[in-house]
Amino acid sequence: MFDKILGKLSGQREEMKAALATEILDVEVQDGAIKVKANANREILDISIDETKLDLSQKEQLEDLLVIAINQVLEIAAEHEAAEAQNM
């Protein structure tokens, strides 16, 4: 009985994970200077830096902007994951 329930839950979890992998999320910070793309499984797919909008010699600023952008996209991914879980 428990094996049947666990098997069903595992299957639903895999379906949800597959669905979340297809949801692509984009975040831009500082007028598009840094763009981060992730899926709703919280996997970072791409990071791009527009060198014309940033002073790359300002390492600390670049690091801060990367952290902000990554945290934003991961927060959005978590919200998508929670919404998908509610729909199950």
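Arg 42 sits in between the extremes: with a relative accessibility of 42%, this residue counts as partly exposed. Keep in mind that you're looking at a predicted model. Arg 42 is a handy place to start, since it forms a salt bridge with Glu 81 and also has a positive phi without being a glycine. From there we can look at the overall layout, the other salt bridge and a buried alanine.

**The overall layout**

- Follow the chain from start to end and you'll meet the pattern α-β-β-β-α.
- That gives you 2 helices and 3 strands in the protein.
- Of the 88 residues in the protein, 20% are buried.
- The protein exposes about 6,300 Å² of surface, and carbon and sulfur atoms supply 51% of that area.
- Take the contacts between residues at least 6 apart in sequence: 46% of them join residues that are at least 24 apart.

**Salt bridge one: Arg 42 and Glu 81**

- How many salt bridges does the structure hold? There are 2 of them.
- One pairs Arg 42 with Glu 81, and their closest N and O atoms are 2.5 Å apart.
- Why does this pair tie together parts that are 39 residues apart in sequence? Arg 42 belongs to the loop between strand 2 (34-39) and strand 3 (44-49), while Glu 81 belongs to helix 2 (residues 59-86), so the bridge links a loop to a helix across that stretch of sequence.
- Glu 81 is partly exposed, with a relative accessible area of 24%. Its partner Arg 42 is partly exposed too, at 42%.

**Salt bridge two: Lys 59 and Glu 63**

- Lys 59 forms a salt bridge with Glu 63, and here the closest N and O atoms are 3.5 Å apart.
- Both residues are in helix 2, and because they are 4 residues apart, about one helical turn separates them.
- Is Lys 59 buried or exposed? At 57% relative accessibility, Lys 59 counts as exposed.
- Glu 63, on the other hand, is partly exposed, with a relative accessible area of 38%.

**Positive phi angles in two loops**

- Asp 31 isn't a glycine, yet its phi is positive, at about 55°.
- Where do you find Asp 31? Look in the loop between strand 1 (24-29) and strand 2.
- Asp 31 counts as exposed, with 67% relative accessibility.
- Arg 42 has a positive phi as well, near 65°, and it isn't a glycine either. This residue lies in the loop between strand 2 and strand 3.

**A buried alanine: Ala 40**

- Ala 40 also has its place in the loop between strand 2 and strand 3.
- How accessible is Ala 40, and what does that make it? Its relative accessibility is 0%, so Ala 40 counts as buried.
- Leaving aside residues up to four places away in sequence, Ala 40 touches Leu 20, Glu 23, Leu 25, Ala 77, His 80 and Glu 81.
- Spot the familiar name in that list: Glu 81, touched by Ala 40, is the salt-bridge partner of Arg 42.
- Ala 40 and Ile 24 are 16 residues apart in sequence, and their C-alpha atoms are 6.6 Å apart in space.

Conventions. Residues numbered from 1 in each chain as written. Predicted model: local features only at pLDDT ≥ 70, side-chain atom pairs only at ≥ 80, totals over all residues. Heavy atoms only, no water. Buried < 20%, exposed > 50% of the residue type's maximum accessible area, 1.4 Å probe, protein only. Contact = heavy atoms within 4.5 Å. Areas by Shrake-Rupley, 256 points an atom, 1.4 Å probe, with all protein chains shown as cover. Salt bridge = Lys/Arg side-chain N within 4 Å of Asp/Glu carboxyl O.
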